[in-house]
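Student: I would like a close look at one part of this model, with the reasoning set out step by step. Please place that part in the setting of the whole chain afterwards.

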Amino acid sequence: MAEKGGGEAADCMSRSSSKLQTLLLERKVSQSIIDSHLTIVQGDIRDTNSVARVLASPPSKSNASTNTPTLQLIISGIGRPPNFSPNPLKPTFDDPTVCQDAISTILAALRTLPPSSSKPVLATLSTTGISSRARDIPILMIPLYHWLLAVPHKDKLEMEALLQAEMTKPAQHRAIKDFVIVRPSLLTDGARLGTNKIRVGEEVGETATPAIGYTISREDVGGWMFDRLVDGHEKDKYAGKMISITY
């Protein structure tokens with residue numbers, strides 16, 4: 001998702017535009033809000049040209065007064081669920097590099113855009129259980145994370161490494177202003193409890209003070225990112241950090 005026009009409008013790339021529309025409506029997002037604030041583009045996250053068109057296009061549904069709104073925030077929440085069939089003890093993953101490929105494509109697409117005095121913050125969803133600085137999951141969950149989820153966690157680590165490497169480049173050669181890496185604990189399909197129910201930790205460089213917990217709902221992960229990064233305009237506060245969120 002690319003936020004443009006002062007946060008009044010967003011363009012979103014999805015593998016299936018109809019599926020995304022259905023999911024939004026199921027979550028009580030009205031059709032009028034979708035029609036007035038969101039442009040959904042169906043496409044492949046590995047197609048650099050398609051991603052570049054989404055990032056470069058002006059927000060067709062923005063109410064911003066300026067004719068040249070800036071790209072302020074990109075959110076990548078891509079991922080693939082495990083397949084527990086036929087052996088539930090040995091899940092398989094049909095796209096084991098989707099997260100790192102997505103970030104690589106976004107960075108490549110940004111480099112094709114005309115030079116701008118303002119670069120976006122790139123926020124992406126990662127996971128707890130992969131930090132090398134501090135344990136950020138309960139001890140009881142360590143076998144689950146390092147056995148069943150080893151493949152997607154490797155992908156998340158590679159994704160994080162790409163963003164960290166980007167920020168080591170000279171400022172004029174970076175595709176982004178900074179990154180925000182959000183590491184939720186184990187995701188559930190539970191109801192949203194609210195941002196005030198979420199505990200937040202962070203990791204910056206060698207310093208880590210993670211929030212340790214068992215689970216968090218997808219609804220609350222999305223709600224926290226909207227409340228803090230979009231509506232609350234706190235992306236600069238969290239820039240350059242790995243943020244753990246959990247109940």
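Student: How far is the sulfur of Cys 12 from the closest cysteine sulfur, and which residue holds that closest sulfur?

Tutor: In this predicted model, the closest cysteine sulfur to that of Cys 12 belongs to Cys 99 and is 15 Å away, which is too far for a bond. The cut-off matters here, because a disulfide requires a pair of cysteine sulfur atoms within 2.5 Å. Seen from the other side, Cys 99 takes part in no disulfide either, its nearest cysteine sulfur being that of Cys 12 at 15 Å, and a search of the whole structure accordingly returns zero disulfides. As for their surroundings, Cys 12 has a relative accessible area of 13% and is therefore buried, and Cys 99, at 4% relative accessibility, counts as buried too.

Turning to the chain around these cysteines, 42% of its 247 residues count as buried, while the accessible surface comes to about 12800 Å², with 55% of that area belonging to carbon and sulfur atoms. The secondary structure consists of eight helices and eleven strands, and among contacts with a separation of 6 or more, 78% join residues 24 or more positions apart. The radius of gyration is 18 Å, which agrees with the value near 18 Å that a compact globule of 247 residues would have, and the C-alpha atoms fill a box of roughly 55 × 45 × 35 Å along the principal axes. Regarding charge, the chain carries 28 positive and 26 negative side chains, with the centres of the two sets 2 Å apart.

Methods. Residues are numbered from 1 along each chain as its sequence is written. This is a predicted model: local features need pLDDT of at least 70, side-chain atom pairs count only at pLDDT 80 or more; totals for chains, interfaces and linings use all residues. Side-chain values use heavy atoms; hydrogens and water are left out. Helices (H or I, at least four residues) and strands (E, at least two) are DSSP runs, numbered from the N terminus. The radius of gyration is taken over C-alpha atoms; the globule rule is 2.2 Å times the number of residues to the power 0.38. Buried means under 20% relative accessible area, exposed over 50%, partly exposed in between (1.4 Å probe, protein chains only). Contact means heavy atoms within 4.5 Å. Accessible areas come from the Shrake-Rupley method with a 1.4 Å probe; for residues, only the protein chains shown count as cover. Lys and Arg count as positive and Asp and Glu as negative; His and the chain ends are not counted. The place of a charge is taken as NZ of Lys, CZ of Arg, CG of Asp or CD of Glu.
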